[in-house]
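Hi everyone, thanks for making time. I'd like to walk you through one model today, so let's put it up on the screen and look at it together.

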Amino acid sequence: MRKRTEPVTLEHERCAASGSSSSGSAAAALDADCRLKQNLRLAGKGSAEPRCAADPGMKRTLGRRKGLWFRLRKILLCVLGFYIAIPFLVKLCPGIQAKLIFLNFVRVPYFIDLKKPQDQGLNHTCNYYLQPEEDVTIGVWHTIPAVWWKNAQGKDQMWFEDALASSHPIILYLHGNAGTRGGDHRVELYKVLSSLGYHVVTFDYRGWGDSVGTPSERGMTYDALHVFDWIKARSGDNPVYIWGHSLGTGVATNLVRRLCERETPPDALILESPFTNIREEAKSHPFSVIYRYFPGFDWFFLDPITSSGIKFANDENVKHISCPLLILHAEDDPVVPFQLGRKLYNIAAPSRSFRDFKVQFIPFHSDLGYRHKYIYKSPELPRILREFLGKSEPERQH
């Protein structure tokens, strides 16, 4: 208590002493000094009020920043959790990986009637339905050579079947995953091949498009075998070539290996954008980029494919194929890397099974922009097919 009153007492005594010993001017100076100190104390109190008023605004700003950071952190944790959970989900449910390989549930383009190929500009095409097995029905398109398009108008299925016995060669086309036999790039290829004088027979595997059944590698191969036998039963001595694209190359080599083992090989095999085997393709696919370096990638993602019975082992099949082989691949293919097609060729070329047959690899430069599914645009394609198949282009009628 003494310490608090001491400065006040000293100041009072100093003022009293000054009043008794100084002149009036000195008293005035002292009064001014006392007023100045009082004003400084008041100013100090007043300056605190704006700070107090500013505090709520600063608190609101900080609160908003903290809330934003909290929400951002929550989103990042959710994404990280989802990223980590997917490998375990795929491992526990191998069927997920099978669906991602087949993509048969992706029907592009939508809202097209596969019973009416003429709606896609194929006015010389007939739609069939075949039954490879009980409870399995597959939709088939048969496009005749373009030179016959006038004769084909209004004709029924029997007329189209009989046309297979004409002098024009036949291409059995096996499409890749996703979409249907009515996919845009597929339709354009049919038109090109038809204009060159080929019959084109294509179909949707069980579970694709309007075909009935459950997809599997075995089932897809059996569907292809059934269609091939159906063609051979109607084509007489006409050449029959098998053309596979992307995932369809796996079906094609499965089919041709089986045909060679039973000694009824096709006249040639054409592989467009092929891979070596499904494990290497899955590892190279752009969808796998975000997990490619994930610990245990093979165990989480590739082993479930194998356990689902999906192999599509082109690299193994070509060692048992005995017929001419043509491989077409674009250098800028973003789906099936170009090096996989080259690797498959390097496996096939020295194989003893091709000892008496032509094996050819045709690359398409990246500047052409053919990517994964536009090789049909190449103006060189007619010449390539004509030279490889060893026959002149089928004669056209005018």
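Let's begin at Glu133, which stands opposite Val136 in strand 2. This is a predicted model, by the way, so please keep that in mind throughout. Strand 2, residues 136–143, pairs with strand 1 in the antiparallel sense, and seven bridges join the two.

Now zoom out to the sheet they belong to. It is an open sheet of eight strands with mixed pairing, and the order reads 1-2-4-3-5-6-7-8. Which strands stand at the edges? Those are strand 1 (125–133) and strand 8 (359–364); each has a single partner strand, so one side of each is left without a neighbour in the sheet. From one strand to the next, the twist averages 20°.

On to what lies across the sheet. Helix 13, residues 381–389, lies across strand 5 (240–245), strand 6 (268–272), strand 7 (325–330) and strand 8. Relative to strand 7, helix 13 runs at about 160°.

Next, a pair of helices. The axes of helix 3 (residues 94–102) and helix 10 (residues 297–307) come within 8 Å, crossing at roughly 85°. That makes helix 3 roughly perpendicular to helix 10. In the contact, Pro94, Gln97 and Ile101 of helix 3 meet Phe301, Pro304, Ile305 and Ser307 of helix 10. By class, that is five nonpolar, two polar and no charged residues.

Both helices turn up again in the part I suspect you'll like, the open space. The largest pocket holds about 1,000 Å³. Of the 40 residues lining this pocket, Leu103, Asn177, His285, Phe287 and Val335 are the closest to its centre. Helix 2 (24–92), helix 3, helix 6, helix 9 (278–284) and helix 10 each give two or more residues to the lining. Which of them gives the largest share? Helix 10, with four residues. Sorted by class, the pocket lining has 24 nonpolar, eleven polar and five charged residues.

Finally, the enclosed space. Searching the whole structure turns up two cavities of 30 Å³ or more, and the largest cavity contains about 50 Å³. Its lining includes Tyr173, Trp243, Glu272, Lys373 and Leu381. Helix 6 (residues 184–195) supplies the largest share of that lining, three residues. By class, the cavity lining has six nonpolar, one polar and three charged residues.

That's my tour. Thanks for listening, and I'm happy to take questions.

Conventions. Residues numbered from 1 in each chain as written. Predicted model: local features only at pLDDT ≥ 70, side-chain atom pairs only at ≥ 80, totals over all residues. Heavy atoms only, no water. 1 Å grid on protein atoms, 1.4 Å probe; cavity = no way out; pocket = protein on both sides within 12 Å on 5 of 7 lines; lining within 4 Å. Points joined across faces, edges and corners; volume = space filled by probe spheres on them. Nonpolar A, V, L, I, M, F, W, Y, C, P; charged D, E, K, R; others polar. Axes fitted to C-alpha atoms, helices over the stretch in contact; angles between N-to-C directions. Parallel < 35°, antiparallel > 145°, perpendicular 65-115°, else oblique. Contact = heavy atoms within 4.5 Å. Pairing = 2+ DSSP bridges.
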